[in-house]
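Thanks for making time this morning. I would like to walk you through one structure, and I suggest we look at it together before I say anything about it.

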Amino acid sequence: MAEIVRPIPEITPELRPFFEASKNGQLVVQKCNGCGALRFPPRRLCANCLSRESSWTPVSGEGEVYSFIIMHRVYHPAFATQVPYAVATIKLKEGVRMLSNVIGIDPHAIRCGMPVRVCFEKLNDEVNLPMFRPAADAA
Amino acid sequence: MSLRGKTAIAGLGITKMGKNYAHSNALGFATEALELALADAGLLRSDLDGVLVNPGLTWGSDVMASYTLQQAMGIRNVRLTATTNLGGASAAALVMHAAMAIDAGMASTVACLFADAPLKPPRPNAKGTGGGAAYGFARGLDAAYGLYGANSGYAMVAQRHMHVYGTTSDQLGAIAVAERKWANLNPMAEFHREPLTIEDYRNSRWVAEPLHLYDCCLVSNGAVCVIVTSAERARDLKKPPVYILGMGQGHPGDDPVETLSSGAPMAKQTAFKMAGVELKDIDVVEFYDCYTITVLITLEDYGFCAKGEGGPFVADGRIGPGGSLPVNTGGGQLSAYYMWGMTPLSEGVIQIRGEGGARQVPKHDLCVVSGNGGVLWTHSTLVLGASA
Ligand SMILES: [Zn+2]
């Protein structure tokens, strides 16, 4: 029986560079060319300096769990075998925060401040979804 | 010139709440609440020249809600209308807009209204009443990461508050239990007949851990309407005026997961200065309570305790019936009804008037009402008083 896949995020023009980099195992975020502030998800303007110029920049993929929640209810069939699972706000070493999952650990063992490192889950040929594992696991 | 005491709430209309299928849409509930508010004030629809509406999720974002209500009620020659959305901060904001317009001579008597109808009648062989659907969508990366439901933002805030300040689940539970005790004294409350112990709270299912079921508000069908007019006119109407003494808003634009705070400090400063009151003067507190953590953070932000000390502050039951600080005396959105900002506002009006019955607080001269929208994004404050 085929595994039910997570909802595949649409590759919008704004997110295309993010997914292109992810395919190569690289995590990137948007960087303001005006003031250097990092942001994710991508936006047209920098909320810090209002510059419209931006580029995509690689980040280390290292960070910490800033906050997290544990989902128990199945809203989409793909998560039926995954509950309970953790959805977390990850604060990257570079300071920017992004939403993701923390995997490879009992969700009840997760703590705010726990060091994590990016990994990728291939959903299809176009989408490698960035996720995070405890940094202690990393090879 | 200060607006302190220049206007008052003269009418209040509350439909039956919860699994009420008397109307199939929000507009139906809206017309009923408006009729009730007019009758309560002893006014006719021809006395109204302002209609302000905060539509809930189901009114439809593509309609001009306040105008459809004017049409449905056959109200002629309205001089002030607006459909407003600051989430749960809207109700108090509508009252502010009404008060300012009345003072400016742009309107004399303004209906402020919220209505929603997210619950559908149960069908045979169907589970539940479908209320979650309106509040459970997700798209894009959120969906890919399995982030569903309206509860996740506040759950992230709660988890972080626990991490930074050591707040516990039982402390959040103390808020749920206190509000349920108030609801048990309020015949309008959806949970009027159902007690809640801290054990029930601990055993309730996780909605988005660390939030239990009883950390989260109800989902309700219904509508609430308040009628604002000049203080002078309110004194000639049926009910004792509920004077609007102070008004303020605060929308910091920060990320509350980081600040663990709302716009309340800003909104309170403006409203309390206008009213000329201090925290110690307040007799009864009606705070927006989409979640228990919202109440806890709002108590901190108004200065009832220091930032981070909300957990120990509520743990001893002081906000419940018989406690030293009566908070959400009708049972709030956790245990009475989920009418966004109209829930705390309606109970504030009831308490100031002294119409609270078994739940009436003995001293009710001054009440603070808060509204809060999004994930601690928008905040509004009203100071209501029994005398101007
Ligand atoms: Zn910038």
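**Strands, a zinc site and a sheet**

Let me begin in chain A, where strand β4, residues 62-71, pairs with strand β7, residues 115-122, in the antiparallel sense over three bridges. In that pairing A:E64 stands opposite A:P115 of β7(A). Please keep in mind throughout that this is a predicted model, and that the values I quote are computed from it.

Staying with β7(A), this strand also pairs with strand β8 of chain A, residues 128-134, again antiparallel, and here over seven bridges. A:K122 is placed opposite A:N128 of β8(A), and the connection from β7(A) to β8(A) is a hairpin of five residues. As general background, strands of a sheet pair through backbone hydrogen bonds, either parallel or antiparallel.

Stepping back to chain A as a whole, we find one helix and eight strands, and, reading from the N terminus, the helix comes before the strands, in the order α-β-β-β-β-β-β-β-β. The C-alpha trace of chain A spans about 45 × 35 × 30 Å along its principal axes. For 139 residues a compact globule would have a radius of gyration near 14 Å, and the 16 Å of chain A agrees with that. Of these 139 residues, 43% count as buried. If we take the contacts in chain A between residues at least 6 apart in sequence, 53% of them join residues at least 24 apart.

Now to the metal. Which residues coordinate the zinc ion? The donors are the SG atoms of A:C32, A:C35, A:C46 and A:C49, at 2.3 Å. The angles among the four donor atoms run from 98 to 115°, and the site is tetrahedral. Along the sequence, the donor residues follow the spacing C-x2-C-x10-C-x2-C. One pair of them, A:C35 and A:C49, links distant parts of the chain, 14 residues apart: A:C35 sits in the loop between β1 (28-32) and β2 (38-39) of chain A, whereas A:C49 sits in the loop between β2 and β3 (54-58) of chain A. As for accessibility, A:C35 counts as partly exposed because its relative accessibility is 36%, and A:C49 is likewise partly exposed, at 34%.

Let me turn to chain B, where nine strands form an open sheet with mixed pairing, in the order β3-β2-β4-β7-β1-β8-β11-β10-β9. At the edges stand β3 (80-83) and β9 (284-286) of chain B, each of which has a single partner strand, so one side of each is left without a neighbour in the sheet. On average, and ignoring direction, neighbouring strands of this sheet are turned by 25° against each other.

Within that sheet, strand β1 of chain B, residues 7-14, and strand β7 of chain B, residues 222-230, pair in the antiparallel sense over seven bridges, with B:T7 opposite B:S230 in β7(B). Helix α10 of chain B, residues 264-275, packs on the sheet and touches β8 (242-250), β10 (366-373) and β11 (378-385) of chain B, its direction making about 145° with that of β8(B).

I will finish with a residue that brings the two chains together in this account. B:D142 is found in helix α4 of chain B, residues 140-144, and counts as partly exposed, at 35% relative accessibility. Leaving aside residues up to four places away in sequence, B:D142 touches A:L99 and B:L147.

Notes
Residues numbered from 1 in each chain as written. Chains lettered and ligands numbered in written order. Predicted model: local features only at pLDDT ≥ 70, side-chain atom pairs only at ≥ 80, totals over all residues. Heavy atoms only, no water. Pairing = 2+ DSSP bridges. Helix = DSSP H or I, 4+ residues; strand = E, 2+ residues; numbered from the N terminus. Axes fitted to C-alpha atoms, helices over the stretch in contact; angles between N-to-C directions. Contact = heavy atoms within 4.5 Å. Donors = N, O, S within 2.8 Å, 3.2 Å for Na, K, Ca; no water. Tetrahedral: all angles 85-135°; square planar, octahedral: opposite > 155°, others 65-115°. Buried < 20%, exposed > 50% of the residue type's maximum accessible area, 1.4 Å probe, protein only. Rg over C-alpha atoms; globule rule 2.2 N^0.38 Å.
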